[in-house]
Amino acid sequence: MKLPGFNKKKKNGQYLVSLDIGTEYAKALIGQVANHTDASGKQYQVVEILGVGRQRQRLTDMAGGSVTDIAGVVENCDAALRRAEETAQVVAKDAVLGIAGELVKGGTTSVSYRRAKPDVKIDQAELTDIIERIQKQAFEDVKKQLNWETGKSELEVKLVNAAVVDVHIDGYRVTNPVGFQGKDVTIQIFNAFAPMVHLGALQTVAADLDLNLINIAAEPFAVAKSVGADDSTEFSAIFIDIGGGTSDIAVVNNGGVEGTQMFAIGGRSFTKRISSSLGVNFDQAEEMKLDHSAGHLKADDEKAVADALKTDVETWLSGVELGLSEFENIEHLPNRILLCGGGSALPEIKHALSNTTWYKSLPFTRKPTIDFLQPSQVNRVIDKTGKLTSPQDITPMGLANLGLDIIGSQSIGENVLQRLSRTLSL
Ligand SMILES: Nc1ncnc2c1ncn2[C@@H]1O[C@H](COP(=O)(O)OP(=O)(O)OP(=O)(O)O)[C@@H](O)[C@H]1O
Ligand SMILES: [Mg+2]
């Protein structure tokens, strides 16, 4: 890799790269790990973002959130990284990469068991054993589902993220079961799996960029884990990341990530529709779409664009409805929807979610509120560049937040559940 023209001597301190390889943009952040103190005097780690870079991808580089041309993607990531390095004035190696797309599957598996000796305290070995059993079960389920969806019986999948959603002992909710006695234990764990072929592509990209890959994270999981009070068991929300190629949904219920769903409609679908309906090329259609969002189109163009988008927005909304209908094992869906990703800036998106009765067929207790996620809402990630200003920046920031867990995992005082809720190793 060619190095930028600044003094690249390694500086003191710990740095982190977050690389979000999106269908439309490769986005890179470089941050420095720092210690902050909260109002009660408690110390915690944050990532201070010092450099930001973004590079548009070609139409052939990615499809539906997955890499289709490794060399092309490496070039774009390199450009994005270089820009981030130039502003940060530092070269960082430890990187977190995001993975998204329809074949990334995330869901919760619950296991209940009766302990033969209720008066014996639960220890680490017992917990590890039960978690392994849950993951084996989840792995088989996901494999079956993917084989069915893709028609390929040999599709290899791998675990990318895991987190404890809920633990109950004899009906009581606990945050860490180790040390407790009791008879009936129920543990719920969220697992995200991805096909090996996509993970392998990301590993190659990281290696070609000379990065030290510390983690690959499922993007909707990263976003959902990054917003809301850190230890809150109260926080519930539906996250929707509308990118260029896909829309990713994550449901957080009572502080735990319940599951993720993705479908292959994003900003690019809308641009393509404008292009075919109005007979303009992709770039012109993209420009018209952005002007439409900004309210800058002439009246007749505005009408043509709005008409062209109508059906596709309805289809997108059906995708959301269908995705949410998959969350069969939660009683009620959270009444709060948080939007991010560049595609969420299309006014029709918020309008469709707010002004139609789509939610009525789903288990909401009332009409959900619709808001955009802002960069300041991402926990423990602090922008020092002033460049992270829109909901499009949330995903790379969420990856940086997860990266902090990996880097900070050696720090003292981490309990077993914190360790578990951190992303698992590659
Ligand atoms: N103001 C806007 N109005 C409408 N669409 C917009 C606006 N700004 C960005 N977009 C769209 O957002 C999309 C890019 O968003 P984003 O950067 O989140 O995608 P990505 O992460 O590259 O893709 P994915 O997550 O699907 O892999 C593009 O389709 C772009 O046209
Ligand atoms: Mg994205």
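A network of salt bridges links Glu24, Arg56, Arg268, Glu286 and Lys289 in this predicted model. Across the whole structure, a search returns 20 salt bridges, and a few of them reward a closer look.

Glutamate 24 is a good place to enter the network. Its side chain meets that of arginine 56 in a salt bridge, with an N to O distance of 2.8 Å. This pair links distant parts of the chain: glutamate 24 sits in the loop between strand E1 (15–21) and strand E2 (25–37), whereas arginine 56 belongs to strand E3 (residues 43–56), 32 residues apart. Glutamate 24 counts as buried because its relative accessibility is 10%, under the 20% cut-off. Arginine 56, at 34% relative accessibility, counts as partly exposed.

Glutamate 24 also forms a salt bridge with arginine 268, here at 3.0 Å, N to O. Since arginine 268 lies in helix H5 (residues 267–278) and glutamate 24 in the loop between E1 and E2, the bridge ties together parts that are 244 residues apart in sequence. Arginine 268 has a relative accessibility of 8% and therefore counts as buried.

Another salt bridge stays within one helix. Arginine 82 pairs with aspartate 78, and their closest N and O atoms are 2.8 Å apart. Both residues lie in helix H1 (residues 70–88), with a separation of 4 residues, or about one turn of the helix. Aspartate 78 counts as buried, at 14% relative accessibility, while arginine 82 counts as partly exposed, at 23%.

Key:
Residues are numbered from 1 along each chain as its sequence is written. Chains are lettered from A and ligands numbered from 1 in the order in which they are written. This is a predicted model: local features need pLDDT of at least 70, side-chain atom pairs count only at pLDDT 80 or more; totals for chains, interfaces and linings use all residues. Side-chain values use heavy atoms; hydrogens and water are left out. A salt bridge is a side-chain nitrogen of Lys or Arg within 4 Å of a carboxyl oxygen of Asp or Glu. Helices (H or I, at least four residues) and strands (E, at least two) are DSSP runs, numbered from the N terminus. Buried means under 20% relative accessible area, exposed over 50%, partly exposed in between (1.4 Å probe, protein chains only).
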